[in-house]
Amino acid sequence: MSDEFFGQVMSDHQEGFVPLIFHKVSADEMESRSSEFLEMMSNRRTTRHFSTRSVSRTLIENAILTGSTAPSGAHLQPWTFVAISNPDLKAKIREAAEIEEKRFYEERIPDEWEEVLAPLGTDYVKEHITDAPWVVVLFRHTQRKRENGEWSPTYYSQESCGIAAGMFISAIHNMGLVTLTHTPSPMGFLGDILGRGEHEKAMLLMPVGYPSDGAEVPNLQRKELDEISDFIE
Ligand code: IYR
């Protein structure tokens with residue numbers, strides 16, 4: 001097959017098709033698996049209270065690999081998960097995050113935003129960044145480097161990284177750990193501190209670890225099915 005297609009070099013793409021690996025599941029088994037998975041995921045909560053207990057690198061690698069099974073626009077997999085356990089680096093990130101967050105909470109936060117944040121009990125102090133044994137920062141690629149060294153766009157990178165983050169979070173919960181989707185704003189300092197390229201934009205900072213003894217979560221309810229769906233049959 002030619003390497004040239006409408007003048008574009010195709011060599012940085014894999015070509016062809018392979019059979020789908022699909023495991024048949026009986027109707028009964030489907031029902032039980034669907035409700036078991038729902039129950040497992042219903043027990044997931046976001047907490048801000050992390051233990052300093054260590055977590056093996058293998059667990060973080062498996063969560064990242066699970067996140068990276070996400071579908072992505074044109075299969076460009078436009079993400080980098082930067083996993084940090086180095087205490088000095090975590091302290092540096094916390095310091096920079098708290099500078100931004102202090103400004104956010106004290107000066108920039110609009111009233112309507114303050115109103116909906118209040119029940120979550122958040123403030124500018126981000127001890128989770130130094131308490132959690134790992135901090136994983138998800139960077140979204142806005143551009144990709146071709147094999148010939150030129151830059152081209154990525155497609156649906158927000159959607160792709162959102163899905164990858166969801167799968168990462170599910171993997172963390174499934175393995176018995178907790179995480180928090182922290183979005184310091186603005187997040188530009190993360191690319192600077194972690195030395196990422198211009199084509200990578202920090203999207204989420206996720207501390208990962210065990211909850212601290214006595215960890216708490218806000219007393220929140222999830223919406224009912226009829227509030228989040230509309231069936232047209
Ligand atoms: N970035 C801030 C504020 C914040 C915003 C939302 I939307 C939240 O759901 C929670 C917090 C912070 O991380 O504290």
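**Close-up 1. Phe-104 and its ring partners.** Phe-104 is buried, with 6% relative accessibility (buried means under 20% relative accessible area, exposed over 50%, and partly exposed in between, using a 1.4 Å probe and protein chains only). This is a predicted model, so local features need pLDDT of at least 70 and side-chain atom pairs count only at pLDDT 80 or more, while totals for chains, interfaces and linings use all residues. Residues are numbered from 1 along each chain as its sequence is written, and side-chain values use heavy atoms, with hydrogens and water left out. Searching the whole structure turns up three aromatic pairs. Phe-104 and Trp-113 form an edge-to-face pair, because their ring centres are 4.9 Å apart and their planes meet at 75 degrees. For the cut-offs, rings of Phe, Tyr and Trp (its six-membered ring) pair if their centres lie within 6.5 Å, and planes under 30 degrees apart count as stacked, over 60 as edge-to-face and the rest as tilted. Trp-113 is partly exposed, at 43% relative accessibility. Ring pairs also bring in Tyr-105, giving a cluster of Phe-104, Tyr-105 and Trp-113.

**Close-up 2. The shell around the ligand.** Here the ligand is surrounded by Glu-101, Phe-104, Tyr-105, Trp-113, Leu-117, Leu-120, Lys-126, His-182 and Thr-183 (a residue is near a molecule or strand if one of its heavy atoms lies within 4 Å of it). Helix H3 (87–108) and helix H4 (111–117) each bring at least two residues to this shell, and H3 has the largest share, with three. Helices (H or I, at least four residues) and strands (E, at least two) are DSSP runs, numbered from the N terminus. Sorted by type, the shell holds five nonpolar, two polar and two charged residues. In that sorting, Ala, Val, Leu, Ile, Met, Phe, Trp, Tyr, Cys and Pro count as nonpolar, Asp, Glu, Lys and Arg as charged, and the others, Gly among them, as polar.

**Close-up 3. Polar atoms facing the ligand.** Three side chains to look for are Glu-101, Tyr-105 and His-182. A polar side-chain atom of Glu-101 is 3.0 Å from a ligand oxygen. For Tyr-105, an N or O atom in the side chain lies 2.5 Å from an oxygen atom of the ligand, and for His-182 that kind of spacing is 3.4 Å. On its own the ligand has 370 Å² of accessible area, and the protein covers 74% of that (Shrake-Rupley method with a 1.4 Å probe; for residues, only the protein chains shown count as cover).

**Close-up 4. Charges over tyrosine rings.** Arg-53 has its charged end over the ring of Tyr-210, 3.9 Å from the ring centre. Lys-102 lies over the face of Tyr-124, at 5.4 Å from the ring centre. To make the list, NZ of Lys or CZ of Arg must be within 6 Å of the ring centre and within 35 degrees of the ring normal.

**Close-up 5. Thr-154 in its loop.** Thr-154 belongs to the loop between strand S6 (151–153) and helix H6 (157–174), and is buried at 12% relative accessible area. Its side chain reaches two backbone oxygens: that of His-141 at 2.9 Å and that of Thr-142 at 3.2 Å.

**Close-up 6. Ser-160 in helix H6.** Ser-160 lies in helix H6 and is buried, with 2% relative accessibility. The Ser-160 side chain reaches the backbone nitrogen of Gly-73 at 3.0 Å.

How values were computed
Polar contact = N/O pair within 3.5 Å; in protein donor to acceptor, adjacent residues only side chain to side chain.
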